[in-house]
Amino acid sequence: MDYLPVGLKLSNQPVLLVGGGIVATRKARLLARAGADLHVLAPQVSDEIRGLVLDPNHIQLSPWDDRPLGEYAAVVAATPDQEVNAAVSRGAKASMTPVNVVDDPSLCTFIIPAIIDRNPLIISVSSSGCSPVLARRIRSDIETRYPEGYGELARYLGSRRDEVSASLGSENERRYFWETLLGESEFINHVLHSNIAAANDVFQACLSGDGYSRGAVYLIGAGPGDPELMTFKALRLLQQADVVLYDRLIGDGILEMARRDADKIYVGKERSQHSMPQSEINENLAALAKSGKRVARLKGGDPFIFGRGGEEIEGLLAAGIDFEVVPGVTAASGAACYAGIPLTHRDHAQSVRFITGHTKNHRLDLPWNQFLNEHETLVFYMGLAGLGIIAKELVSAGRDPNTPIAIVEKATRGDQRVIAGTLSTIVKRAEEDSPAAPTLLIIGSVVTLHSSLRWFEPA
């Protein structure tokens, strides 16, 4: 490897920053977070740098002057002048002082990696100066797995080390204990949610050798299809799950984010064809959790918007099962955004209404006379089968037959389609283009913005 990763203890140590512009300001922020006693040398410095320097006398407004650098714990050169940067590097090396020159690895004796700061847990990613952008991209991926609460987790573990050392004599016993404890995702979740009493119970159970295995269910909103619309928390809990129950609305790539060894059970529902009735899904969730499994219930969109999440929670409460609910990007929001149709717009709609379009016995009993406000966007979930009924009933209730409507098919996915028309023409358009579920209907004048505001071009 080109660099040995190390951690510099800079708290209350003098560190010289040469430069006072935008790049230098970014480095000043980082050094201040590390607790450095910041000294700055530059003809001009930003106001933010002035605020980060604890002693105003440590700001010297003058150009680089080939000064000795042995008194500093580290030196950072962040100027636009390559000759100055090279001179700073030579001076630091002559004084055996660690030096970093921004964007020039050849002049550095240390580099500053991309950092995930979960103090006291610090994770760094470096490309050895070859591609800082790549390092930042990888840092972003890591940040999705380790939220802010991991700092509290590290502090908790550090506070219990003496207790573990006193209870367990050998290094192997201690290592096995820590591995067992950190293998309990419920322990981690308790700490992340500041439920320290529950975390202590798990800790003591593992320390006593009794073991700990308590199941839980995570109702996870997976969004409308694009895997990148998953939240950090959704991804973290999905990757902890032993079993994943998923429906047909889960987009390609989302299921692959689960653990490879997790059991995956399809419980999808299609019109008039349910692979598993809802009552059986409820029973399975409770049974799996009672057996000690961590169960991810993956739902397209959001669990609480036409997702039957409330029904599943009622069953879990009755069975005494621990659960969490993770909201997701609902289909209306995802479809509208990716189709370039804002659900609200100052010139078109000041409110939006979500409506189920699910028919029963070829009927759709809805209060149609409440859907006549031209300045309100209507969004019908599961409305494709009842498209003809919806268009007919709205017109019969008094909506203009020329009211714009869009069918958004497979929203946010690579094969998304938008079929636009009016209440009087949309049925024929659907017959011609044959859209397939999952689809969403958006009705209102906002649909006219689709052609000018769309930004997402399917593959």
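**Exercise 1.** In which sense do strand 1 and strand 4 pair, parallel or antiparallel, and over how many bridges?

*Solution.* The model is a predicted one. Start with the two ranges: strand 1 spans residues 14-18 and strand 4 spans residues 74-77. They pair in the parallel sense, over four bridges. For one register point, take Val15: its bridge partner in strand 4 is Ala74.

**Exercise 2.** Place this pair in its sheet: give the strand order and find the edge strands.

*Solution.* The sheet is open and has five strands. Their order is 3-2-1-4-5, with parallel pairing. Strand 3 (59-60) and strand 5 (99-101) pair on one side only, which makes them the edge strands.

**Exercise 3.** Which strands does helix 1 lie across, and which does helix 3 lie across?

*Solution.* Take helix 1 (residues 22-33): it lies across strand 1, strand 2 (37-41) and strand 4. Its angle to strand 1 is about 170°. Now helix 3 (residues 82-94): it lies across strand 1, strand 4 and strand 5. Helix 3 runs at about 170° to strand 5.

**Exercise 4.** Classify the packing of helix 11 against helix 12, then break down the contact.

*Solution.* Helix 11 covers residues 278-290 and helix 12 covers residues 309-319. Their axes come within 9 Å and cross at roughly 40°. The two helices are therefore oblique to each other. The crossing is right-handed. Helix 11 contributes Gln278, Ile281, Asn282, Leu285, Ala286 and Lys290 to the contact. Helix 12 contributes Glu311, Glu312, Leu316 and Ala319. By class, the contact residues are five nonpolar, two polar and three charged.

Technical notes:
Residues are numbered from 1 along each chain as its sequence is written. This is a predicted model: local features need pLDDT of at least 70, side-chain atom pairs count only at pLDDT 80 or more; totals for chains, interfaces and linings use all residues. Side-chain values use heavy atoms; hydrogens and water are left out. Axes are lines fitted to C-alpha atoms, for helices over the stretch in contact, and angles run from 0 to 180 degrees between N-to-C directions. Angles under 35 degrees count as roughly parallel, over 145 as roughly antiparallel, 65 to 115 as roughly perpendicular and the rest as oblique. A crossing is left-handed if the near helix is turned anticlockwise from the far one by less than a right angle, and right-handed if clockwise. Contact means heavy atoms within 4.5 Å. Ala, Val, Leu, Ile, Met, Phe, Trp, Tyr, Cys and Pro count as nonpolar, Asp, Glu, Lys and Arg as charged, and the others, Gly among them, as polar. Two strands pair if DSSP finds at least two bridges between them.
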